[in-house]
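Let's go through some labels and ask what earns them. Here is the model to look at.

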Amino acid sequence: MHEYRVEPVGDDHHEFFYTIHSRTLNTLNKSYLLPVDHDEVKRSDIHHRLVQFVFKGKNYVGPVKEALQFGQQRRGSYPLLDLGTGSGTWAIDIADEFPRAEVIGVDLAPIQPSHVPPNCTFEVCDLDQLYIPYPDAHFDLIHARSLHIGIHDYPRFLREVARLLRPGGLVLLVEPTLSPCQPPPTQAPMAGWTALWRTYRGCLSQQLIDVTVPEHLPDLLAATAAFENIIVRDGNIPVGFWPQDPHLLSAGQLQWMDYELLLPALRPLFLCNGLPPSIVDRLIQDAQHDLYHPAYPLSTLLHIAYASKCF
Ligand SMILES: C[S@@+](CC[C@H](N)C(=O)[O-])C[C@H]1O[C@@H](n2cnc3c(N)ncnc32)[C@H](O)[C@@H]1O
């Protein structure tokens, strides 16, 4: 029998944060080296708006309403989990959209707003562990977006997601590629951009994070043998200001802003992996140069998969 336990979040949040290399990081899992500060909250908000564009104004794809209706018929309400909630914007939006849902957003750090819908709560917990401290077969929907770089054993994480979902419940996974903005076949890759992303993947691999998770979501879901109706909906996202179509232009602007915030956010990760500051600053500056003056119209891939827990 497991103990149901998450970190209590009081008014004093200092214990959850420390500063290194001029950015604020979380104390709960010190191997997660992306910041949990104002700029990263902003990036999470931008990412949320971008994915809404991809989902044509909605907060999700897949049979979410059906999964929630089933839960409501059984219990009158439906519990819903957002893993690695970041700024909490998805959790807040989904709580507004489904007032009968009881939404829990979970993250390493309490960086979410305090004024939220009454059916939305936030909890602090490290999800990179053997047991995620929520009851079996409890949730109707579990959402995990842009989380995999904080999870060392993603197959184990998915087995935990399966345990937490009730039979027929839905998991929705969204993970951006870690090899973005590949050149067209006729063109050479942009050197600064390519070097930065190669270094980023190298640092994560050194920390034993599987950088190919985004490309393998359906296989990973299938390997648990706990999910059925596995659907992939990968999205091609423009990056920057080149699209003529207004909808694509908005998506391109949001993705560009996301990357602009991400590049300096990688500094603590690179430095903590032992790269000299001069090399790190050069890597970031060269990648920024390629983002500001791209040699070709950039685009990237958002990997999206959803599946139902088997009955
Ligand atoms: C890139 S942000 C994405 C936030 C949000 N899901 C979104 O899509 O905007 C990743 C979030 O996952 C959280 N995270 C990473 N590893 C985690 C872990 N092991 N346990 C809990 N949260 C984690 C980070 O603190 C961060 O807020």
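Q: How many aromatic pairs are there in this predicted model?
A: The count comes to 10 aromatic pairs.

Q: What makes Trp 193 and Trp 197 an aromatic pair, and why is it called tilted?
A: Their rings are 5.7 Å apart, centre to centre, and the cut-off is 6.5 Å, so they pair. The planes are at 45°; stacked needs under 30 degrees and edge-to-face over 60, so tilted is what's left.

Q: Why are Trp 193 and Trp 197 separated by about one helical turn?
A: Because they're 4 residues apart in helix H5 (residues 191-206).

Q: What makes the ligand's approach to Gly 84 a polar contact?
A: A ligand nitrogen is 2.6 Å from a polar backbone atom of Gly 84. The limit for N or O atoms is 3.5 Å, so that pair qualifies.

Q: Which side chain has an N or O atom 2.6 Å from a ligand oxygen?
A: That's Arg 145. Gly 150 joins in through its backbone, with a polar atom 3.1 Å from a ligand nitrogen.

Q: How much of the ligand's area does the protein bury?
A: On its own the ligand exposes 590 Å², and 96% of that is buried by the protein. The ligand sits in the largest cavity.

Q: Which residues, by class, make up the shell around the ligand?
A: There are 7 nonpolar, 8 polar and 5 charged residues. Helix H1 (residues 38-54) gives the most, with 3 residues.

Methods:
Residues are numbered from 1 along each chain as its sequence is written. This is a predicted model: local features need pLDDT of at least 70, side-chain atom pairs count only at pLDDT 80 or more; totals for chains, interfaces and linings use all residues. Side-chain values use heavy atoms; hydrogens and water are left out. A polar contact is a pair of N or O atoms within 3.5 Å; within protein, one must be able to donate a hydrogen and the other to accept it, and residues adjacent in sequence count only if both atoms are side-chain atoms. Accessible areas come from the Shrake-Rupley method with a 1.4 Å probe; for residues, only the protein chains shown count as cover. On a 1 Å grid over the protein atoms alone, a cavity is a set of points where a 1.4 Å probe fits but cannot get out, and a pocket is an open set with protein on both sides within 12 Å along at least five of seven lines; lining residues have an atom within 4 Å of a point. A molecule sits in a cavity or pocket if more than half of its atoms lie within 2 Å of its grid points. Helices (H or I, at least four residues) and strands (E, at least two) are DSSP runs, numbered from the N terminus. Ala, Val, Leu, Ile, Met, Phe, Trp, Tyr, Cys and Pro count as nonpolar, Asp, Glu, Lys and Arg as charged, and the others, Gly among them, as polar. Rings of Phe, Tyr and Trp (its six-membered ring) pair if their centres lie within 6.5 Å; planes under 30 degrees apart count as stacked, over 60 as edge-to-face and the rest as tilted.
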